[in-house]
Amino acid sequence: MTILETAPPLSDRRASARQIWLMAILLSLLLLSALSLRFGLRPISWHSIWDSFVAYDATKADHLVIQGMRLPRLLAAWLAGAALATSGALIQSLTRNPLADPGLLGINGGASLGVILCIFLLGISDPASFVWVAMGGGLISTVLVFFLGGAGRGTPLRLILAGAALSALFLALGRSLLLISQRSLDVYRFWVLGGLDGIEMPTLAALLPFFALGAALAAVSSFNLNAMMLGADTARSLGLRIGLARGLALCAIVCLCGATVSMAGPIAFVGLIVPHMARRFSGADMRWCLLFSTLLGAGLMILADLTGRLPVFGGNMQAGVMAALIGGPALVWLIRRNGSTAL
Amino acid sequence: MSWSLRLPFLSLSFSPRAVAVGFGLLLLVNLGTVLALRLGSYAFTETSWLSVLLGAGSEIERMILMDHRLPRILTALGAGACFGLSGAMFQTMMRNPLASPDVIGFNSGASCGALIAIILTGGNVLLGALSGALFTAILVVGLAWKNGLQPQRLVLIGLGIGFALAALSDLLLSRTDARTAADMAEWLIGTLNARDWQDVTIVWSGLLLLAPAIFWIHFPLARLGLSDDLSSSLGLRLSPLRLGLTGLGILLAALAVCTAGPLPFVAFAAGPIARALVPNGKPALLGAAVIGALLVLAADTASRMVPSIQLPAGVFTALIGGPVMIWLLMVQFRKGKL
Amino acid sequence: MNAPAHLHANALSVAFAKTPILKDLSADIPDGKITVIVGPNACGKSTFLRSLARLQKPDSGEVLLDGKSIHKQANRSVAQRLAILPQSPSAPEGLTVRDLVTRGRTPHQSALRQWSHQDAEAVGRALDLTGMAHNANRPLEALSGGQRQRAWIAMALAQDTQILLLDEPTTYLDLPHQIELLSLIQSLNKQSNQTVAMVLHDINLAARFADHIIALRAGAIFTTGNPAEVVTRNNMEQVFDLKCQIISDPVHGTPHVIPE
């Protein structure tokens with residue numbers, strides 16, 4: 001496949017450094033996951049954790065906590081972080097703009113507006129039904145952004161301006177409804193601040209197909225985007241159908257981000273920042289960039305969720321906020337150390 | 001086509017279209033100001049506002065006009081101009097439409113400072129916002145400086161710091177009692193409620209003081225749109241220039257944020273709207289300033305028009321600016337641009 | 001009209017990520033002549049030209065403009081004496097040709113003096129010389145590749161400097177336009193005695209238009225001299241690894257390379 005060969009070959013040293021980083025990040029991800037199961041308001045021994053997997057006993061409180069709360073929460077953090085970071089890398093490459101964020105496609109704005117409208121007009125207040133409303137809102141607004149942004153034929157600038165204008169509009173609409181209706185605000189606040197709290201296995205299972213489809217589309221897109229990084233003309237001459245490739249990448253983003261926002265509410269930062277961290281380890285190749293983004297995004301979310309449980313932060317700080325608090329300085333440090341890379 | 005102005009100490013050239021658009025926008029500002037003076041929970045007739053302004057009318061009417069509406073309108077205009085200028089400067093310097101101070105998080109320094117001030121002193125938002133912005137600016141530039149100031153590094157470090165500060169604001173918000181939190185939340189959306197002449201003095205004297213610097217920097221800024229190699233070979237010193245632009249842009253954003261709160265979307269939208277009106281590849285600082293002023297004025301007037309609900313102006317900036325921008329995008333697309 | 005200016009490179013060394021690009025390179029750019037830098041791909045031609053134009057800071061050694069290190073002089077004062085057109089320059093969208101050419105006047109302008117009579121004259125002259133006057137009000141992106149290249153050259157001409165550096169000015173041009181552009185540069189050089197140094201791919205064009213050729217190989221000077229001295233069978237084989245015959249161009253009398 002010719003597209004594969006367009007990625008510049010790395011020197012052996014660089015490539016092996018990349019593999020070492022990959023192993024290190026994977027190991028710390030496992031360690032973090034284990035810690036995330038172990039610690040919280042009620043520390044649980046390694047032994048009980050193990051037992052809860054191999055010999056589940058519904059009468060033991062420890063087992064209930066692990067299987068009913070911590071494990072779904074850990075999985076949600078994994079999925080949310082990985083999905084956001086992956087779609088961030090996709091949108092930045094797609095718009096060729098290092099400041100693009102998956103929220104730019106209007107997914108967060110549309111999902112929030114959908115949930116608010118649902119509370120405001122229909123009086124629904126059951127968080128479980130918000131999942132599908134948020135998904136639908138995000139989908140509709142992304143379709144709007146896509147067509148306003150030139151339906152795959154416009155310049156990246158147009159997509160960016162259209163997306164930013166529409167998401168700002170949706171967020172403002174939602175916000176004004178909230179200010180009008182106190183009841184909506186009370187319900188909405190619970191949803192938007194919910195973060196990774198109270199996510200249960202059935203919700204995860206229902207959203208899993210979207211994450212899986214998104215991941216598959218992202219993997220396909222990584223090949224296309226590698227070619228598109230060389231410019232639209234070169235990509236076309238490599239036999240790529242630009243409109244289709246852009247559409248696929250957008251679908252991947254919608255699946256991943258839509259599922260995330262409907263599960264955990266809008267989370268800023270991870271999608272915008274983690275790809276920049278990933279590029280420090282991966283180089284310019286989109287396939288590696290996506291892989292590192294996925295792992296680093298998951299790691300950051302788990303770490304954020306874990307630190308959010310520390311008593312210093314009141315025992316239950318939103319993972320999104322903690323991610324920014326931890327990730328911001330980390331980004332600064334990485335950039336000062338390695339210099340910034342162009343997209 | 002261009003017109004030239006040549007005086008012994010000054011020579012400039014203008015394009016007629018820019019001049020025409022400029023006059024049109026100024027006319028709009030005047031019309032908008034008059035409308036904003038008249039409209040509200042107490043409406044003035046077509047002529048009465050003028051006589052009240054000139055000293056006639058009852059005490060109440062004078063109070064409404066002179067102590068409430070006029071300072072509020074002037075603050076809105078000044079803050080909007082600051083937002084527009086700051087946004088256009090950053091966008092042109094970084095050659096990136098997303099690099100406006102509200103998107104890359106330079107505003108969150110001011111917000112965070114204001115919140116800390118509310119917690120510590122209960123009031124004095126102004127001083128807090130200003131020192132927060134300056135502290136952030138020094139931190140970001142200090143961290144980004146490494147053999148000169150490279151735009152991409154500046155933006156990314158700004159993002160990192162900005163997001164961390166925004167998270168800190170959230171943390172503060174969740175740690176305080178409900179009443180202070182409500183105060184803070186309203187301030188965070190951006191409102192021009194209860195502005196007095198002190199705010200007017202601050203934002204306009206700040207603008208006036210910075211005006212010579214803005215005029216001076218407009219000249220090299222117009223050349224930064226060329227690639228680095230070119231602008232450097234034309235005799236520009238990039239790093240000092242970028243440092244000056246960053247400082248100026250952050251000062252302007254801080255002025256706007258501390259008088260009007262972190263109104264969303266204005267700094268981002270003003271530049272692209274102005275450039276769409278005069279598409280000649282120049283930064284259009286003046287146009288962005290006027291568009292910003294118009295946007296904030298319209299948002300504030302709209303928020304006064306529905307007094308029973310008390311929506312803050314920050315909700316309306318995007319409600320008004322968003323459709324304007326979308327409309328311009330459609331027009332440009334029909335013309336085959338973009 | 002132009003202040004005299006002289007360019008000299010003294011023991012330049014440049015490395016990217018520890019890979020040396022230029023190694024202890026010294027060269028003199030003769031005043032009022034056309035100097036062409038040739039060499040195989042990746043021999044450091046562009047880096048050399050960018051160093052001469054102070055866009056690349058050397059790791060050691062220095063470039064002397066009028067006897068003083070170019071990096072120690074005010075950037076603006078250098079820009080009044082030396083112009084460079086880098087490879088693949090970029091301009092903001094919507095900029096017209098006239099606005100672009102006007103940007104070339106930057107080192108002669110200031111915030112208060114943005115459009116003097118001299119500026120208007122220099123811009124008009126540059127547009128006329130490059131034959132772009134009738135395209136002056138069109139936006140750059142509406143032009144063909146060749147016209148765009150002329151607009152960029154016009155911008156460098158409007159800068160009105162004694163020294164003009166060009167990095168592969170004939171890219172994107174077909175043969176007639178290449179000849180036209182190089183003839184234009186040649187006539188400018190003859191009229192105003194401007195010093196020109198440029199990087200060219202095509203050794204035959206270099207031989208035809210150059211007064212002086214600098215041949216680089218692996219970051220060092222292989223040989224310098226007039227075209228007849230440099231373009232020889234032996235040199236071509238050693239610089240480019242190219243086996244060839246050299247004939248005398250029947251029209252211009254300059255050496256002409258026929259690859260075997």
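Colleague: Which elements of chain A have the lowest and the highest mean pLDDT?

Modeller: Helix 1 (residues 2-5) of chain A has the lowest mean, 32, and helix 13 (residues 286-308) of chain A has the highest, 89. Here pLDDT is the predictor's confidence in each residue, on a scale from 0 to 100, and helices (H or I, at least four residues) and strands (E, at least two) are DSSP runs numbered from the N terminus. This is a predicted model, in which local features need pLDDT of at least 70 and side-chain atom pairs count only at pLDDT 80 or more, while totals for chains, interfaces and linings use all residues. Residues are numbered from 1 along each chain as its sequence is written, and chains are lettered from A and ligands numbered from 1 in the order in which they are written.

Colleague: Over which residues of chain A does pLDDT stay under 50?

Modeller: Residues 1-10 of chain A stay under 50, and the model has 14 contacts beyond four places in sequence for them, a contact being two residues whose C-beta atoms, placed from the backbone, lie within 7 Å. Where pLDDT is low, the predicted coordinates should not be read in detail. Chain A as a whole averages a pLDDT of 79, with 89% of the residues scoring at least 70.

Colleague: And how many residues does chain B put into the contact with chain A?

Modeller: Chain B puts in 40 residues, and chain A puts in 40 residues. On the chain B side, the elements giving two or more residues are helix 4 (101-104), helix 7 (151-175), helix 12 (266-277) and helix 14 (313-334) of chain B, with the largest share, 15 residues, coming from helix 7 of chain B. That side divides into 32 nonpolar, 5 polar and 3 charged residues, where Ala, Val, Leu, Ile, Met, Phe, Trp, Tyr, Cys and Pro count as nonpolar, Asp, Glu, Lys and Arg as charged, and the others, Gly among them, as polar.

Colleague: What about chain C against chain B, how many residues does the contact take from each?

Modeller: There it takes 29 residues from chain C and 26 residues from chain B. Helix 2 (75-81), strand 6 (82-85) and helix 3 (97-103) of chain C each supply at least two residues of the chain C side, and helix 2 of chain C gives the most, 4 residues. The residues of that side divide into 15 nonpolar, 9 polar and 5 charged.

Colleague: Switching to the fold of chain C, how many helices and strands does it have?

Modeller: Chain C has 9 helices and 12 strands. Six of the strands, in the order 6-7-8-3-9-10, form an open sheet with mixed pairing, where two strands pair if DSSP finds at least two bridges between them. Strand 6 and strand 10 (220-225) of chain C each have a single partner strand, so one side of each is left without a neighbour in the sheet.

Colleague: In what sense does strand 6 of chain C run with strand 7 of chain C?

Modeller: They run parallel, joined by 4 bridges, and C:Leu82 stands opposite C:Ile163 in strand 7 of chain C. Strand 7 of chain C also pairs with strand 8 (residues 195-199) of chain C in the parallel sense, over 5 bridges, with C:Leu164 opposite C:Val196.

Colleague: Which way do the residues of strand 6 of chain C point?

Modeller: C:Leu82 and C:Ile84 point one way, C:Ala83 and C:Leu85 the other, and all are buried; a residue is buried if 20 or more other C-beta atoms, placed from the backbone, lie within 10 Å of its own, exposed if 12 or fewer, and partly exposed in between. In a regular strand the side chains alternate between the two faces of the sheet. Over chain C, 45% of the 260 residues count as buried.

Colleague: Where does C:Glu168 lie, and what is its phi?

Modeller: C:Glu168 lies in the loop between strand 7 (163-167) and helix 6 (175-192) of chain C, and its phi is near 45°, a positive value in a residue other than glycine. C:Glu168 counts as partly exposed because it has 18 C-beta neighbours inside 10 Å. C:Ala11, in strand 1 (residues 7-16) of chain C, has a positive phi too, near 50°, and with 13 C-beta neighbours inside 10 Å counts as partly exposed.
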